[in-house]
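Here is a short, friendly tour of a model for anyone who likes to check geometry by hand. Have a look at the metal sites before anything else, then follow the helices around them.

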Amino acid sequence: MTTTTHPVDVLMAEHRVIERVLTALEQRIGELDQPPFPYDFLTQALDFFRNFADGCHHAKEEELLFPRLEQRGIPREYGPIGCMLKEHAQGRECLARVSAHLDAARDGTGEARAMVRAAALEYITLLRQHIYKEDNILFQMAIRALDPDDAAELMARFAEPSNPRLSAEVRRRYEALAERLCGDAAVAR
Ligand SMILES: [Fe+2]
Ligand SMILES: [Fe+2]
């Protein structure tokens, strides 16, 4: 009974996938100033970060883990949960800026390419620091705060069939996309 996977382990495993795609994105940033513009890679990376990092991973944190941690006494306002929520919102704002300037950057506008580069680099730095804080601070607090029933319930709700964003099928699809993106980055180097 004690051998079941802990919800923090699931989230940390997702962090490792996200970090690999952040590294792939960082490797491709240098291509922004020389043709061919990596439009397909950036479009697919946006899909991954919006629908896996945010839609699947941050959704588990915001809708399931964080509310339970609040119930167990970890504060939201002026505490680690509020800080993590703010960073999720900052990440969405960076992705929106990449998306808004992507077509113009592909079409050769230097200013748009600079905007894509700046927003992508800001996102990479933000998310790496965010993941570090969760792994080493908030998730360590979570391991201490959650009892075995909390952990079992969160694990069940992580696989909630009524929420397609959290399904194992979606997770598998985006893990496969992550592999392709990392492969593309290795080839392009
Ligand atoms: Fe987070
Ligand atoms: Fe996270």
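Four donors count as tetrahedral if all angles lie between 85 and 135 degrees; four count as square planar and six as octahedral if opposite donors are over 155 degrees apart and all others between 65 and 115, and anything else is irregular. Donors here are N, O and S atoms within 2.8 Å of the metal (3.2 Å for Na, K and Ca), and water is not among the atoms, so sites may look incomplete.

This is a predicted model, in which local features need pLDDT of at least 70 and side-chain atom pairs count only at pLDDT 80 or more, while totals for chains, interfaces and linings use all residues. Residues are numbered from 1 along each chain as its sequence is written, chains are lettered from A and ligands numbered from 1 in the order in which they are written, and side-chain values use heavy atoms, with hydrogens and water left out.

**The iron pair**

With those definitions in hand, the two sites can be set side by side.

| Iron ion | Protein donors | Distances | Angles among donors |
|---|---|---|---|
| ligand 1 | Glu61 (OE), His88 (NE2), His130 (NE2), Glu134 (OE) | 2.0 to 2.1 Å | 87 to 178° |
| ligand 2 | His15 (NE2), His57 (NE2), Glu61 (OE), Glu134 (OE) | 1.9 to 2.2 Å | 83 to 167° |

The site of the iron ion (ligand 1) is irregular. For the iron ion (ligand 2), the angles of 83 to 167° likewise make the arrangement irregular. As a yardstick, ideal angles at a metal are 109.5 degrees for four tetrahedral donors, and 90 or 180 degrees for six octahedral ones.

Which residue bridges the iron ion (ligand 2) and the iron ion (ligand 1)? Glu61 does, and the two ions lie 3.2 Å apart.

Along the sequence, the donor residues of the iron ion (ligand 1) follow the spacing E-x26-H-x41-H-x3-E. Distant parts of the chain are linked here: Glu61 belongs to helix α2 (residues 39-71), and His88, 27 residues from Glu61, to helix α3 (residues 80-106). For the iron ion (ligand 2) the spacing reads H-x41-H-x3-E-x72-E. There, His15 in helix α1 and Glu61 in helix α2 are 46 residues apart.

**How the helices pack**

Helices (H or I, at least four residues) and strands (E, at least two) are DSSP runs, numbered from the N terminus. Their axes are lines fitted to C-alpha atoms, for helices over the stretch in contact, and angles run from 0 to 180 degrees between N-to-C directions.

Helix α1 (residues 7-28) and helix α4 (residues 110-145) have axes that come within 10 Å and cross at roughly 165°. That makes α1 roughly antiparallel to α4 (angles under 35 degrees count as roughly parallel, over 145 as roughly antiparallel, 65 to 115 as roughly perpendicular and the rest as oblique). The crossing is left-handed, meaning that the near helix is turned anticlockwise from the far one by less than a right angle; clockwise would be right-handed.

Contact means heavy atoms within 4.5 Å. On the α1 side, the residues that meet α4 include His15 and Leu22, and on the α4 side they include Ile131 and Glu134. This contact divides into 14 nonpolar, three polar and six charged residues (Ala, Val, Leu, Ile, Met, Phe, Trp, Tyr, Cys and Pro count as nonpolar, Asp, Glu, Lys and Arg as charged, and the others, Gly among them, as polar).

Helix α2 packs against two more partners. The axes of α2 and α3 come within 11 Å and cross at roughly 165°, so the two are roughly antiparallel. Their crossing is left-handed, and the contact holds 13 nonpolar, four polar and eight charged residues.

The axes of α2 and helix α5 (residues 148-158) also come within 11 Å and cross at roughly 165°, but this crossing is right-handed. Here Lys60, Leu64, Leu65 and Arg68 in α2 meet Asp150, Glu153, Leu154, Arg157 and Phe158 in α5. By class, the contact has four nonpolar, no polar and five charged residues.
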